[in-house]
Amino acid sequence: MNIFDIMGPVMVGPSSVHTAGAVRMGLVGRKLLGFQPARANIALHSSFAAAGAGHGADKAIVAGLLAMKPDDPDIPRSFQLAEESRLSVQFQNADLQDAPPNTVVMTLIGERGRIVVVTATSIGDGRIWINSIDGMHVSFTADIPTLVIRLEDRPGIVSAASSCLVQHGVNIEGFQHYRHRRNDLAQGDISVMVIESLQPIEQQVMDDLMLLPGVVRNIYLDQEEG
């Protein structure tokens, strides 16, 4: 336990759940897309839908999409800044079956049509949980350096990616592999590896991963940024 576990995150208020956590949701969503979206459709579930606007969750999510941190004094102005940055945002309330409170679904669309759909939950003290990416179940917090690797789901690719990480001396804290379809896999289907590391991951690791046949894309979530 560190001092931030006791005192909570440094942030612009009023709520670590609805503000600091919401900013981090937007930040991670932006990272997973790869850049600032041109459009964002954001569905608010449960208490986020009931109290999110009053607590500034809507402005906080948009602030994260604009690459702000939880302590940025411009968070209350995020709607205005989004308009100036040509980021179009739409909000709606949603009843997500079996989802925990404080969950959002962000559909983020880039100027050239790239789309990522991220489901995330704010769990308190500014921390979040990423529950799904593009419909694939995942489970990570981005509290430590995290590498999200998109793969063609074909034999040998997970082993090759893992070997690359070992060769670079990446000290792995957590390793997860997720597929769209468990019982009906076809070559070329996309799967996702999530690697949580005990140390920062160097750019050379990501560059070498991209040289492997079957690696589509990788995204690094630095705990200092996400």
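**Exercise 1. Find which residues of helix H4 are buried, and place the helix against its surroundings.**

Solution. Start with the list: the buried residues of H4 are Ala57, Asp58, Ala60, Ile61, Val62, Ala63, Gly64 and Leu65. Keep in mind as you work that this is a predicted model.

Next, weigh that list against the length of the helix. Eight of the nine residues of H4 are buried, so the helix is largely enclosed by the rest of the structure.

Now look at what H4 packs on. The helix, residues 57-65, lies across E1, E2 and E3, and runs at about 145 degrees to E1.

Finally, step past the end of the helix. Ala67 follows H4 and has a positive phi, near 75 degrees.

**Exercise 2. Work out the strand order of the six-stranded sheet and explain which strands stand at its edges.**

Solution. Trace the strands across the sheet: the order is E2-E1-E3-E4-E5-E6, the sheet is open, and the pairing is mixed. Strand E2 (88-94) and strand E6 (136-140) each have a single partner strand, so one side of each is left without a neighbour in the sheet. From one strand to the next, the twist averages 20 degrees.

Then zoom in on one pair. E1 (residues 39-45) and E3 (residues 103-109) are antiparallel and share six bridges. Among the paired residues, Arg39 has Ile109 in E3 as its bridge partner.

**Exercise 3. Do the same for the four-stranded sheet, and find the helix that lies across part of it.**

Solution. Here the order reads E8-E9-E7-E10, again in an open sheet, with antiparallel pairing. At the edges stand E8 (172-179) and E10 (215-221); each has a single partner strand, so one side of each lacks a neighbour in the sheet. Neighbouring strands are turned by 15 degrees against each other on average, direction ignored.

For a pair to inspect, take E7 (residues 146-152) and E9 (residues 190-197), which are antiparallel over seven bridges. Glu152 finds its bridge partner in E9 at Ile190.

The helix to look for is H7 (residues 203-210): it lies across E7 and E10, at about 165 degrees to E10.

**Exercise 4. Identify the nonpolar cores and follow the contacts of Ile61.**

Solution. A general point helps first: in soluble globular proteins, nonpolar side chains tend to be buried together.

In this chain, the largest nonpolar core holds 42 residues, and those with the most contacts inside it are Leu32, Phe48, Ile61, Met106, Ile130, Ile133 and Phe140. Helix H2 (residues 16-33) gives the most to this core, with seven residues.

Now select Ile61. Leaving out residues up to four places away in sequence, Ile61 touches Ala22, Val23, Gly26, Ile42, Leu44, Phe48, Val104 and Met106.

A second, separate core has 16 residues, including Ile201, Val205, Leu209 and Val215.

**Exercise 5. Decide whether Arg24 is buried or exposed, and find a polar partner for its side chain.**

Solution. Locate the residue: Arg24 sits in helix H2. Its relative accessibility is 10%, and the cut-off for buried is under 20%, so Arg24 counts as buried. For the partner, go to Ala142, whose backbone oxygen is 3.2 Å from a polar atom of the Arg24 side chain.

**Exercise 6. Summarise the whole chain.**

Solution. Count the elements: there are seven helices and 10 strands. Then take burial, which covers 47% of the 226 residues. Of the contacts with a separation of 6 or more, 69% join residues 24 or more positions apart. Last comes the surface: the chain exposes about 11000 Å², with 49% of it supplied by carbon and sulfur atoms.

Note on methods
Residues numbered from 1 in each chain as written. Predicted model: local features only at pLDDT ≥ 70, side-chain atom pairs only at ≥ 80, totals over all residues. Heavy atoms only, no water. Pairing = 2+ DSSP bridges. Helix = DSSP H or I, 4+ residues; strand = E, 2+ residues; numbered from the N terminus. Axes fitted to C-alpha atoms, helices over the stretch in contact; angles between N-to-C directions. Contact = heavy atoms within 4.5 Å. Buried < 20%, exposed > 50% of the residue type's maximum accessible area, 1.4 Å probe, protein only. Core = buried A, V, L, I, M, F, W, Y, C linked by side-chain atoms within 4.5 Å. Polar contact = N/O pair within 3.5 Å; in protein donor to acceptor, adjacent residues only side chain to side chain. Areas by Shrake-Rupley, 256 points an atom, 1.4 Å probe, with all protein chains shown as cover.
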